[in-house]
Amino acid sequence: FNPIAMSTPKYTLTYFPFEGRGAPIRCAFHVAGVEFTDKTITFEEWPAIKPTTPFGSVPILEVDGKVLAQTNSMLRFIGRSHGLYPTDVWQAANVDSNLDFMEDLTNILVPVFKAADADKPAALEKAKPAIDTGVANWEKQHVASGNKFLGSDELSIADIKFVFVVRFASAFGFSLEAAPTLAALFKTVSENEKVKSYLDTLSA
């Protein structure tokens, strides 16, 4: 009987070989210093894999053979297991609130991502008011919270996801210029030693 081996799960993440919804999970593992198998799939393989997933989507995370779906659920699982999620229930709820809001922003941008090149300008124009309003509200909420990070005073999965949501939005010309406190937080998190070392692997 080896209690150390028993307490170290075997993690396998399945996703496409680009950032998307997989990058925050990969980065969370990296920041936590936890080994995992990064199983990348191709678009050609996806039709055969899709029916085997819990909800017909990726990423999925296998933990000792058990399968977990939905990005935020995976992030919370990793965060709770490896010190990247608050133990205080109020701060945990606020981290969750930020995670959920980032899903709202991402979902506004997904139609822009999927639009044909000729249709992207119109899709961007349609998305812009909701993004601008959402970021303005987010800035106010974060300032009012008084927290150093999103929802808490310690780096968490919300801050890790934040970096990649901003990177995704910036690909379509959006920025945090009108949200200086969030912009400063983005710089702080991006320059965190462990986060930066993961980001450096993406630009290598």
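**Exercise 1.** Decide whether Tyr 11 and Phe 77 in this predicted model are each buried, partly exposed or exposed, and classify the geometry of their ring pair.

*Solution.* Start with accessibility, for which the cut-offs are under 20% for buried and over 50% for exposed, with partly exposed in between. Tyr 11 has a relative accessibility of 4%, so this residue counts as buried. Phe 77 has a relative accessibility of 29%, and therefore counts as partly exposed. Turn next to the rings, which pair if their centres lie within 6.5 Å and which count as edge-to-face when the planes are over 60 degrees apart. By this rule the model holds 15 aromatic pairs. For Tyr 11 and Phe 77 the centres are 6.4 Å apart and the planes stand at 75 degrees, so the pair is edge-to-face. Finally, place both residues in the chain: Tyr 11 belongs to strand S1 (residues 11–15) and Phe 77 to helix H4 (residues 71–82), so the contact ties together parts that are 66 residues apart in sequence.

**Exercise 2.** Describe the aromatic pair formed by Tyr 15 and Phe 16, and state which aromatic cluster contains these residues.

*Solution.* The distance from centre to centre is 5.6 Å and the angle between the planes is 65 degrees, which makes the pair of Tyr 15 and Phe 16 edge-to-face. Both Tyr 15 and Phe 16 are buried. The cluster that contains them is made up of Tyr 15, Phe 16, Phe 18, Phe 43 and Trp 46.

**Exercise 3.** Trace how S1, S3 and S4 are paired, giving the sense of each pairing and the number of bridges.

*Solution.* Begin with S1, which runs antiparallel to strand S3 (residues 60–63) and is joined to S3 by four bridges. Within this pairing, Thr 14 is found opposite Ile 60 of S3. Continue from S3 to strand S4 (residues 66–69), where the pairing is again antiparallel and extends over four bridges. Here Ile 60 stands opposite Ala 69 in S4. The connection between S3 and S4 is a hairpin with two residues between the strands, and Asp 64 in the turn has a positive phi of about 50 degrees.

**Exercise 4.** Characterise the largest pocket and the second largest pocket by volume, lining and residue class.

*Solution.* The largest pocket has a volume of about 780 Å³. Its lining comprises 24 residues, and those nearest the centre are Tyr 15, Phe 18, Gly 20, Arg 21 and Phe 113. Two or more lining residues come from each of helix H5 (89–114) and helix H7 (157–170). Sorted by class, the lining of the largest pocket divides into 14 nonpolar, four polar and six charged residues.

The second largest pocket has a volume of about 160 Å³, and its lining includes Arg 21, Ser 57, Gln 70 and Glu 103. H4 contributes the most to this lining, with three residues. By class, the second largest pocket is lined by two nonpolar, five polar and two charged residues.

**Exercise 5.** Locate Thr 53 in the chain, determine whether it is buried or exposed, and give the distance from its side chain to the backbone nitrogen of Ser 57.

*Solution.* Thr 53 sits in the loop between helix H3 (46–49) and S3. With a relative accessible area of 8%, Thr 53 is buried. A polar atom of the side chain of Thr 53 lies 3.1 Å from the backbone nitrogen of Ser 57. Ser 57 is also one of the residues lining the second largest pocket.

Key. Residues numbered from 1 in each chain as written. Predicted model: local features only at pLDDT ≥ 70, side-chain atom pairs only at ≥ 80, totals over all residues. Heavy atoms only, no water. Phe/Tyr/Trp six-rings, centres within 6.5 Å; stacked < 30°, edge-to-face > 60°. Buried < 20%, exposed > 50% of the residue type's maximum accessible area, 1.4 Å probe, protein only. Pairing = 2+ DSSP bridges. 1 Å grid on protein atoms, 1.4 Å probe; cavity = no way out; pocket = protein on both sides within 12 Å on 5 of 7 lines; lining within 4 Å. Points joined across faces, edges and corners; volume = space filled by probe spheres on them. Nonpolar A, V, L, I, M, F, W, Y, C, P; charged D, E, K, R; others polar. Polar contact = N/O pair within 3.5 Å; in protein donor to acceptor, adjacent residues only side chain to side chain.
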